[in-house]
Amino acid sequence: MMTSTVAGQEEAQLYEELQRAIEDVEEGEQRQIVLSRMIRQLRFAKWRKDRMSKVDAYCQRIKPATLWIILTTGALVPVLLFTMFIWVSLWVE
């Protein structure tokens, strides 16, 4: 899980990278391309930070019984699908 400090550091790093990219690139079309690419990255980082905060909040509220149900369901689904495949194969044959 991503903590808010890690997300904030990542966002600050992207802002610093944007500033360096602006300083390195001359005026014109190339600068506009670099700016648009960096803005997309910043928007994605913000979206991911918002999304991860929702996931973190859900994980904080989840009860151990619910977690065990999710884990056992995830573990048993492949076994169930393989068993169904075998039964269908035997039935078709």
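**Exercise 1. Classify V77 by its accessibility and say which surface feature it belongs to.**

Solution. V77 has a relative accessible area of 37%, so it counts as partly exposed. The model is a predicted one. The cut-offs are under 20% for buried and over 50% for exposed, with partly exposed in between. Next, place the residue: V77 is part of helix α3. Finally, look for nonpolar neighbours on the surface. V77, L80, L81 and M84 make a nonpolar surface patch of about 370 Å².

**Exercise 2. Describe helix α3: what is its span, and where does it bend?**

Solution. Start with the span. Helix α3 covers residues 64-92, which is 29 residues. From first C-alpha to last, α3 reaches 42 Å, close to the 42 Å expected at 1.5 Å a residue. Then check the axis. At L76 there is a bend of about 30 degrees in α3, and the proline P78 follows within four residues.

Now take A75, which also sits in helix α3. Its relative accessibility is 48%, so A75 counts as partly exposed. From A75 to I86 there are 11 residues in sequence, and the C-alpha to C-alpha distance is 18 Å.

**Exercise 3. Find the salt bridge: which side chains form it, and how do they lie along the chain?**

Solution. The structure holds 1 salt bridge. Its partners are the side chains of D50 and K46, at 3.4 Å from N to O. This falls within the 4 Å cut-off for a salt bridge. Both D50 and K46 belong to helix α2 and are 4 residues apart, about one turn of the helix.

To finish, classify both partners. D50 has 34% relative accessibility and therefore counts as partly exposed. K46 has a relative accessible area of 46%, so K46 is partly exposed.

**Exercise 4. List the residues of the largest nonpolar core and name the elements that supply them.**

Solution. The largest nonpolar core has 7 residues: L14, L18, A21, V34, M38, L42 and A45. Two or more residues come from each of α1 (4-24) and α2 (29-61). The most come from α2, which gives 4 residues.

Check one member from α1. L18 is found in helix α1. With a relative accessible area of 13%, L18 lies under the 20% cut-off and is therefore buried. Now check α2: its buried residues are V34, M38, L42, A45 and D56. As background, nonpolar side chains tend to be buried together in soluble globular proteins.

**Exercise 5. Give the span of α2, and then the separation of L18 and S89.**

Solution. Helix α2 has 33 residues. From its first C-alpha to its last, α2 reaches 49 Å, close to the 48 Å expected at 1.5 Å a residue. For the second part, L18 and S89 are 71 residues apart along the chain. Their C-alpha atoms are separated by 58 Å.

Terms used
Residues are numbered from 1 along each chain as its sequence is written. This is a predicted model: local features need pLDDT of at least 70, side-chain atom pairs count only at pLDDT 80 or more; totals for chains, interfaces and linings use all residues. Side-chain values use heavy atoms; hydrogens and water are left out. A nonpolar core is a set of buried Ala, Val, Leu, Ile, Met, Phe, Trp, Tyr and Cys residues joined through side-chain atoms within 4.5 Å. Buried means under 20% relative accessible area, exposed over 50%, partly exposed in between (1.4 Å probe, protein chains only). The expected span of a helix is 1.5 Å times one less than its number of residues. The bend at a residue is the angle between axes fitted to the seven residues ending there and the seven starting there. Patches are made of residues with over 30% relative accessible area and no salt bridge: like charges are joined within 9 Å, nonpolar side chains (Val, Leu, Ile, Met, Phe, Trp, Tyr) within 5 Å. Accessible areas come from the Shrake-Rupley method with a 1.4 Å probe; for residues, only the protein chains shown count as cover.
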